[in-house]
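Let's take a look at how the inside of a protein model is put together. Here it is.

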Amino acid sequence: MKGAQIMGKNLSSPRGLRGKVAFITGASGALGSDAARALHARGVRLALLGRNTDKLESLARELGGPANALAIDMNVRNLASVEAAAKSAAEHFGGIDIVVAGAGMVTTELAENYSATGFVDDIDTNLNGVWRTIKATLPYVRESKGHICIIASLASFIHMPEMSAYSASKAGVLALANSLRLELDGSSVTVGTIHPSFFESALGDALTTSPLLNRASGNFGGLFAPIKREDVVSAIVKNIERRSRVAVLPWAFSALALVPGLGQRVIEPYLTHNLRKTAQKLSH
């Protein structure tokens with residue numbers, strides 16, 4: 001494919017990304033659009049995928065129009081839609097070198113109170129949507145020997161109250177990535193996952209409406225104080241440049257990511273303490 005040049009093992013220099021093609025789902029969101037801008041600054045050509053066509057088209061114009069950035073209406077919950085988008089992007093740019101699987105949603109609710117669709121919608125977007133994205137783009141990424149960067153979450157291995165669907169989906173994303181690496185062994189295709197804590201975005205703002213999550217996190221203070229979105233963007237770019245396996249933000253949680261079960265056991269007393277402390281205050 002004309003634009004799908006082989007990506008080397010070390011792409012730590014911005015020059016290493018120049019001319020590559022990135023397929024970014026969730027590109028109309030705050031994180032996706034910022035990641036697109038950062039990759040554009042490194043000379044990457046962009047297929048911008050999502051359902052908010054007005055935002056996608058505005059971003060594409062900002063980044064120089066179809067030669068540099070192509071807006072494509074796509075729904076990660078529909079395989080035919082994702083496959084058509086991947087084909088359009090590959091035909092337009094000559095291939096796909098990088099996939100950033102960033103589409104996501106969150107519904108905060110007690111597990112017993114989710115509607116039949118509420119729980120399933122989170123799983124279908126956050127987990128099944130990543131699988132559909134991989135299935136549709138992998139033939140092109142195999143040819144370019146490229147990199148797949150999946151936006152997971154700290155929720156992949158630290159599970160909070162009123163986030164059971166989101167946590168389950170992100171834990172599944174991590175498992176999917178781990179299996180995929182084994183399946184791609186010898187192909188020169190690499191897979192990375194990004195695990196940020198809370199940061200400013202529409203999704204992050206939605207979490208502040210959850211009473212239990214607010215209490216467990218200490219009102220999003222201390223260990224769970226929001227991180228800067230630009231730090232998450234930087235982690236995404238570094239993951240792609242270096243073809244890294246895992247990035248955890250903030251760094252303090254990195255060790256827990258190595259042993260997810262232990263990580264949950266270590267952090268759970270902190271969460272429980274916060275819940276009990278605020279429950280006592282509310283009872284007086």
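## The nonpolar cores

Start in the middle of things: this is a predicted model, and its largest nonpolar core has 33 residues. Phe 23, Ile 96, Ile 148 and Ile 150 have the most contacts inside this core. Who chips in? At least two residues each come from strands S1 (21–25), S2 (45–50), S3 (69–73), S4 (98–101) and S5 (147–151), and also from helices H3, H4 and H5 (164–183).

There's a second core too, separate from that one, with 32 residues. Among them are Leu 48, Phe 199, Ala 247 and Leu 249.

## H3 against H4

Two packed helices are described by the angle and the distance between their axes. For H3 (residues 79–93) and H4 (residues 116–144), the axes come within 9 Å and cross at roughly 30 degrees. Angles under 35 degrees count as roughly parallel, so that's what H3 and H4 are. Their crossing is right-handed.

On the H3 side, the contact includes Leu 79, Val 82 and Ala 86, while H4 brings residues including Trp 131, Ala 136 and Tyr 140. Sorted by class, this contact has seven nonpolar, two polar and four charged residues.

## H4 against H5

How do the axes of H4 and H5 cross? They come within 7 Å and cross at roughly 20 degrees, so H4 and H5 are roughly parallel to each other. This crossing is right-handed.

Residues of H4 such as Phe 119, Ile 123 and Leu 127 take part here, and those of H5 include Tyr 166, Val 173 and Leu 176. The contact of H4 with H5 divides into 13 nonpolar, four polar and two charged residues.

Technical notes: Residues are numbered from 1 along each chain as its sequence is written. This is a predicted model: local features need pLDDT of at least 70, side-chain atom pairs count only at pLDDT 80 or more; totals for chains, interfaces and linings use all residues. Side-chain values use heavy atoms; hydrogens and water are left out. Axes are lines fitted to C-alpha atoms, for helices over the stretch in contact, and angles run from 0 to 180 degrees between N-to-C directions. Helices (H or I, at least four residues) and strands (E, at least two) are DSSP runs, numbered from the N terminus. Angles under 35 degrees count as roughly parallel, over 145 as roughly antiparallel, 65 to 115 as roughly perpendicular and the rest as oblique. A crossing is left-handed if the near helix is turned anticlockwise from the far one by less than a right angle, and right-handed if clockwise. Contact means heavy atoms within 4.5 Å. Ala, Val, Leu, Ile, Met, Phe, Trp, Tyr, Cys and Pro count as nonpolar, Asp, Glu, Lys and Arg as charged, and the others, Gly among them, as polar. A nonpolar core is a set of buried Ala, Val, Leu, Ile, Met, Phe, Trp, Tyr and Cys residues joined through side-chain atoms within 4.5 Å. Buried means under 20% relative accessible area, exposed over 50%, partly exposed in between (1.4 Å probe, protein chains only).
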